Amino acid sequence: MDRKIVEKFFINQTTPEETRRVLDWFETAEGKQYLQERLDIDSDLMDRRELRKMVPDLDSDHLFEAIQEKISQEKTVRIIRKPDWFGHAFKAAAAILVIFLTSVFYITNYTDPAETVAKREPIHFQTSNEENREIKLSDGSVVRLNKNSEITISEDFMQGSREIELTGEAYFDVTHNPDQPFIIHTNESSVRVLGTAFNVRALPGQDNVQVAVVDGRVAFTNADLKRTSPDPNDNSVILMKGQYAYMDVKENTFQVDNIAVENYLAWKSGKFVFEGLTMNQVCLQLNRMYGVNCEFTDEDIKDLPLTANFTNESLEKTLSVIALSLKIEFEQNGNNVRWFKTAP
C-alpha cells in the first residue's frame, strides 16, 4: 500500500477511490498492524480521551457508544498482557469506523442521537497571474481556468442541478446529464447547458459577458432582464455550435455572430485564425478580446480581407502580423489603434 495515500487519508485529502483502497487495506494483517502503531492503542478498548484526540470536531461520546455497541456484539476472548490478535481485529474495526466517519467529504455534527445534520460548504478554485488550471469536477466535467479567474462550486452541486459561479474566463467541457442541468452564474447572466463545450468570459471591471460555443447548445440568459420579463425571447438567446454571443450588461443587449469563434479561445489554444475576414470584422474581435478601439484613416481599409493563421503571444505582435499581411501600418496609443495605408 502506498503510504503517501495513507497519510493523505489521515488528513482527509483522499479521493473516494483512494479512501476505499485504504479502508480495504486496513482489513489486512499489514494494515491492522500499521493502524495499531499509528493510533498507539495499548489497551483493549479506546477510551474517550483517545477518541477526542482523533476526532476533536465530532461528538466522541456518540462515536464511543457506537463503537462499544459494535464490539459488544462480537464474542472475544482476551488474555491479559498477552497478544490478542482477535481483540486487535475488533479494535482495528473500531478505529476504521472512527476514521471513516472523519474521511467523508461532508463535515457531520451530532445535534441529536436520532438525527444527523450535514453541513456543506462551497468549494473555490482560483488562478493567479499567468496561471492556467484544469479542474475535473465530481460529475466528470472539466473546467479550464484562465489566469486571474475563479469558480465557486455550490454546496448542493449534483443535487438536482450542477451550479457554479465564475469570475474571469474559463473553458467548460460538460458531461451530458439531462436530469442535472449545468448552470454558470456570472456578472448578471447565466449559461445553462446539458452537455457541451464552450467558453465564458466575464472579466472583473468589464460590463460585458461573452460566450463562445465549440460544441452542443447553450442558453445564455440576462439575469437582470429575467427579473422583469419572464419571456425567454426577451431575456435570453440560444447558441448553437460555432456561435458567439456578446452581452452588454449596461445596455441589456445581445449580439450574436458566427465569425471565427475559435479566436475567442486563443488564450487556451494559443492561435488566431482569420479566414477572409474584413478588417472591420477583425477589429471587432480585437475590441472584444483586448479592449482596443480601431480608427481608420481610409475607409477602404475596413473592407480589406485578412487571411492569416498565427500564434497569439501579445496584442503588439497581433497588430504587427495584421499590418504585415495587409501591407498597412498602425499607431497604438493606449487602447486606441489607428490604421493607415503605407506611404508610397
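Modeller: Before we start: two strands pair if DSSP finds at least two bridges between them. Keep in mind, too, that this is a predicted model.

Colleague: Okay, what makes S19 and strand S20 a pair?

Modeller: Pairing takes at least two bridges, and S19 and S20 (residues 336–341) have six bridges, in the antiparallel sense. So S19 and S20 meet the cut-off and count as paired. Within that pair, glutamate 331 sits opposite arginine 338 of S20.

Colleague: And why are S17 and S19 called edge strands?

Modeller: Because strand S17 (293–296) and strand S19 (328–333) each pair on one side only. They belong to an open sheet of three strands, ordered S17-S20-S19, and the pairing is mixed. On average, neighbouring strands here are turned by 25° against each other, ignoring direction.

Colleague: Now the helices. How do you know how H10 runs relative to H11?

Modeller: Check the angle: H10 (residues 279–290) and H11 (residues 315–326) pack at about 175°, and their axes are 12 Å apart. Over 145 degrees counts as roughly antiparallel, so H10 is roughly antiparallel to H11.

Colleague: Which residues make that contact?

Modeller: From H10 it's Met279, Val282, Leu286 and Tyr290, and from H11 it's Leu315, Thr318, Leu319, Ile322 and Leu326. By class, that's eight nonpolar, one polar and no charged residues.

Colleague: Where does H10 lie, and at what angle to S17?

Modeller: H10 lies across S17, S19 and S20, at about 155° to S17. That angle is over 145 degrees, so H10 counts as roughly antiparallel to S17. As for H11, it lies across S19 and S20, running at about 155° to S19.

Conventions. Residues numbered from 1 in each chain as written. Predicted model: local features only at pLDDT ≥ 70, side-chain atom pairs only at ≥ 80, totals over all residues. Heavy atoms only, no water. Axes fitted to C-alpha atoms, helices over the stretch in contact; angles between N-to-C directions. Helix = DSSP H or I, 4+ residues; strand = E, 2+ residues; numbered from the N terminus. Parallel < 35°, antiparallel > 145°, perpendicular 65-115°, else oblique. Contact = heavy atoms within 4.5 Å. Nonpolar A, V, L, I, M, F, W, Y, C, P; charged D, E, K, R; others polar.
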